[in-house]
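Reader: I am new to this structure. Can we walk through it, one question at a time?

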Amino acid sequence: MVVAKEKMMSYEEIRQKRVEENKKRMEALNLPQLSTLLHTPSFKPSPRKQMKLRTVEKQLVVVRRSSRVANKPAPVYQEVLVDKVMIPRRVSKHRDLSNRVYASDEARAEALEKAEKLESGLDPHFPVFIKSMLQSHVTGGFWLGLPVHFCKTNLPKRDEVMTLVDEEGHEYPTIYLAKKTGLSGGWKGFAVAHRLVDGDAIVFQLLQRTTFKVYIIRVKGSEQS
């Protein structure tokens with residue numbers, strides 16, 4: 001055991017001696033400082049950027065309202081059942097035209113002859129024309145077309161209210177349509193009031209720009225008391 005201990009001490013002494021020798025060599029070559037530099041980082045880590053969290057600030061604000069309703073309570077909306085408004089459609093009634101009476105050619109011609117005789121006795125200073133009544137004038141459509149040449153020469157160039165004055169002095173306003181050269185609204189009232197029928201001859205005398213004096217010659221067989 002004494003021998004082993006001596007060997008062990010000698011080994012330790014040898015190792016220590018070698019360490020001392022190596023240390024002196026490293027100091028001679030300046031190796032310790034190089035080792036320290038190698039183990040020391042050459043750069044400084046940049047500090048982490050602190051991320052700023054976006055904050056949303058909530059504030060209570062006053063909503064502007066009109067001065068007229070500022071002091072009134074807020075409206076309350078609720079569902080309300082609303083009845084659908086229906087516009088009644090005009091229903092045209094079928095006219096019974098089975099009782100129409102048509103004048104004969106002879107009776108129509110006779111009424112026209114009497115109308116021409118009456119015309120000849122009127123003041124020639126006032127324009128005149130004669131119209132023989134047809135079914136479309138006195139039943140159904142109640143549209144009275146006037147002579148185009150007479151309208152272009154004597155009547156207004158635009159739509160006007162034409163007044164019809166009968167032999168008793170009663171006045172009946174009618175609508176004259178210039179482009180269509182005829183009487184529309186109001187003519188039906190005149191025709192019905194005077195019970196005009198097919199074949200009657202009507203004398204129109206233009207007394208003023210929008211006034212007609214009207215003479216009625218009854219067709220034979222339709223004379224009224």
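Reader: Which residue in S7 does Leu164 stand opposite?
Author: This is a predicted model. Leu164 has a place facing S7. The residue opposite Leu164 there is Phe212.

Reader: How many bridges join S3 to S7?
Author: S3 and S7 run parallel. The bridges that join them number three.

Reader: What is the bridge partner of Leu164 in S4?
Author: S4 spans residues 171-177 and pairs with S3 in the antiparallel sense, over six bridges. S3 and S4 form a hairpin with five residues between them. In the turn, Gly169 has a positive phi of about 90°. Across in S4, Leu164 has as its bridge partner Tyr172.

Reader: What is the order of the strands in the open sheet?
Author: The sheet holds seven strands, and the pairing is mixed. S1 (128-132) and S2 (144-145) stand at the edges. Each has a single partner strand, so one side of each is left without a neighbour in the sheet. The order is S1-S6-S7-S3-S4-S5-S2.

Reader: Which helix packs on the sheet and touches S1, S6 and S7?
Author: The helix covers residues 105-120. Its direction makes about 165° with that of S1. It is H3.

Reader: In what order do the elements of the protein run?
Author: The protein has six helices and seven strands. Start at the N terminus and read on. The order is α-α-α-β-α-β-α-β-β-β-α-β-β.

Reader: How many residues of S7 are buried?
Author: Take the two faces in turn. On one side, Thr211, Lys213, Tyr215 and Ile217 are buried. On the other, Phe212, Val214 and Ile216 are buried. S7 is largely enclosed by the rest of the structure, because the buried residues number seven of seven.

Reader: Is Thr211 buried or exposed?
Author: Thr211 lies in strand S7. Leaving aside its neighbours within four places in sequence, Thr211 is in contact with Met162, Thr163, Val165, Gln205 and Leu206. The cut-off for burial is under 20% relative accessible area. At 14% relative accessibility, Thr211 therefore counts as buried.

Reader: What is the bridge partner of Phe204 in S7?
Author: S6 and S7 pair in the antiparallel sense over seven bridges. They form a hairpin with two residues between them. Within S7, the partner of Phe204 is Val214.

Reader: Which residues have the most contacts inside the largest nonpolar core?
Author: Nonpolar side chains tend to be buried together in soluble globular proteins. Here the largest nonpolar core has 24 residues. Helix H5 (148-154), strand S3 (160-165), helix H6 (187-193), strand S6 (201-208) and strand S7 (211-217) each supply at least two of them. Those with the most contacts inside the core are Leu155, Trp187, Leu196, Phe204 and Phe212.

Reader: Which residues are in contact with Trp187, leaving aside its neighbours within four places in sequence?
Author: Trp187 is one of the residues with the most contacts inside the largest core. Its partners beyond those neighbours include Leu196 and Phe204. The others are Met133, His137, Phe142, Trp143, Leu144, Leu164 and Thr174.

Reader: How many residues are in the second core?
Author: This core is separate. Ala111, Leu122, Val128 and Ile217 are among its members. The count is eight.

Reader: Which residue meets Asp198 in a salt bridge?
Author: The structure holds four salt bridges. One of them has an N to O distance of 2.9 Å. It links Asp198, in the loop between H6 and S6, to a residue of helix H3, 90 residues apart. Both partners are buried, and the one that meets Asp198 is Arg108.

Reader: Is Lys114 buried or partly exposed?
Author: Lys114 forms a salt bridge with Glu110, with the closest N and O atoms 3.8 Å apart. Both lie in helix H3, four residues apart, about one turn of the helix. Glu110 counts as partly exposed, at 30% relative accessibility. Lys114 has a relative accessible area of 41%, so Lys114 is partly exposed.

Reader: Which residue forms a salt bridge with Arg209?
Author: Arg209 sits in the loop between S6 and S7, and its partner sits in strand S3, 49 residues apart. The closest N and O atoms are 3.3 Å apart. The partner is Glu160.

Terms used
Residues numbered from 1 in each chain as written. Predicted model: local features only at pLDDT ≥ 70, side-chain atom pairs only at ≥ 80, totals over all residues. Heavy atoms only, no water. Core = buried A, V, L, I, M, F, W, Y, C linked by side-chain atoms within 4.5 Å. Buried < 20%, exposed > 50% of the residue type's maximum accessible area, 1.4 Å probe, protein only. Contact = heavy atoms within 4.5 Å. Pairing = 2+ DSSP bridges. Axes fitted to C-alpha atoms, helices over the stretch in contact; angles between N-to-C directions. Salt bridge = Lys/Arg side-chain N within 4 Å of Asp/Glu carboxyl O.
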